[in-house]
Amino acid sequence: QFVKGKSKSGQVVKEAVEDAYKRLMGPSLETETRISAKDKADAEAIRVFVDNLQQLLMAAPLGKKTVLALDPGFRTGCKVVCLNPEGKLLEHTAVYPNPPQRQTAQSAAVIQELVKKYQVEVIAVGNGTASRETESFLREIGLPSSITIVMVNESGASIYSASAIAREEFPNHDVTVRGAVSIGRRLMDPLAELVKIDPKSIGVGQYQHDVDQNMLKKSLDDTVVSCVNKVGVELNTASKQLLTYVSGLGPTLADNIVKHREQNGPFQSRKDLLKVTRLGPKAFEQAAGFLRIREANNPLDSSAVHPEAYHVVEQMA
């Protein structure tokens with residue numbers, strides 16, 4: 001393109017150009033192009049991750065209902081747990097309706113007994129191994145027609161059941177019981193339950209080990225924070241993990257809020273937050289608008305209105 005001369009020096013320059021391209025410029029441009037394409041691919045893969053995670057976290061909650069949850073299986077049986085409307089574990093057992101045991105009659109009797117005993121309104125079935133067989137079994141045992149049977153995505157439930165958070169919540173129960181509890185709670189309030197699991201373990205995207213790990217972690221964490229703050233958090237029932245994601249709070253303040261709640265009973269108003277150890281005016285200013293108190297004396301405490309704007313709403317009212 002550029003060496004026009006046919007002389008000896010022109011030949012030397014031509015060789016120098018060819019060598020420079022082959023040895024230096026070519027590889028450099030290839031690397032640059034590959035990195036640029038990889039960055040674009042990473043950004044797209046992470047965007048898919050974020051969108052999928054957002055849809056999972058923002059799934060409509062079932063609300064306060066008594067739930068019977070099953071973690072299905074063949075050889076090891078189905079773990080059954082009953083949860084009260086607050087998600088507390090009432091009872092757990094195991095049934096064996098599927099092969100190889102096929103204890104259909106005994107299993108049906110156990111389920112019917114639990115449904116009657118706790119006035120169960122909804123049954124949640126994990127969508128893992130033996131889920132279809134277990135669902136068919138439940139539909140054939142003559143449960144009241146008012147009971148809804150729902151298939152629940154159980155991705156990451158096993159990660160949760162072996163985690164430190166689960167051990168802290170259920171120190172005296174084994175991993176299978178914890179997994180079944182997680183399945184039931186996911187139906188009741190997906191956001192509150194899924195924040196306990198590392199977003200990467202929920203399995204909502206492809207190539208997660210190939211993309212930039214720091215960028216992926218930051219994007220997923222930002223998504224969880226955004227979803228939690230969009231929905232708001234019930235101050236008197238939220239777990240430590242859920243409170244951690246509220247803007248202005250971190251693990252320490254979330255822990256202090258839970259301890260304060262245990263020692264002094266439920267919060268009566270948002271102002272009570274200022275009595276929590278190490279929660280100063282700055283943290284209060286950031287977090288207050290995202291925290292809700294359902295049966296508060298001031299109805300605005302259960303809304304998305306920030307305490308700074310209460311006087312405006314009062315004037316309007």
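**A note on the salt bridges**

1. At 54% relative accessibility, Lys218 counts as exposed. Keep in mind as you read that this is a predicted model. The partner of Lys218 is Asp222, and their side chains meet in a salt bridge of 2.9 Å from N to O. Asp222 counts as partly exposed, at 39% relative accessibility. Both residues sit in helix H8 (residues 213–231), 4 residues apart, or about one turn of the helix.

2. A linked group is worth a look next. Glu168, Lys240, Asp255 and Lys259 are joined into one network by salt bridges that share partners.

3. Now to a pair that spans separate elements. Glu86 and Lys64 form a salt bridge, with 2.7 Å between the closest N and O atoms. Glu86 belongs to the loop between strand E2 (78–83) and strand E3 (89–95), while Lys64 belongs to the loop between helix H1 (8–57) and strand E1 (67–71), so this salt bridge ties together parts that are 22 residues apart in sequence. Glu86 is partly exposed, with a relative accessible area of 45%, and Lys64 is also partly exposed, at 46% relative accessibility.

4. Is the pair of Lys196 and Glu193 buried or exposed? Lys196 counts as buried because its relative accessibility is 9%, under the 20% cut-off. Glu193 is buried too, at 2% relative accessibility. Their side chains meet in a salt bridge, at 3.2 Å from N to O.

5. For the overall tally, the count comes to 19 salt bridges. The pairs described above include Lys218 with Asp222, Glu86 with Lys64 and Lys196 with Glu193.

Definitions and conventions
Residues numbered from 1 in each chain as written. Predicted model: local features only at pLDDT ≥ 70, side-chain atom pairs only at ≥ 80, totals over all residues. Heavy atoms only, no water. Salt bridge = Lys/Arg side-chain N within 4 Å of Asp/Glu carboxyl O. Helix = DSSP H or I, 4+ residues; strand = E, 2+ residues; numbered from the N terminus. Buried < 20%, exposed > 50% of the residue type's maximum accessible area, 1.4 Å probe, protein only.
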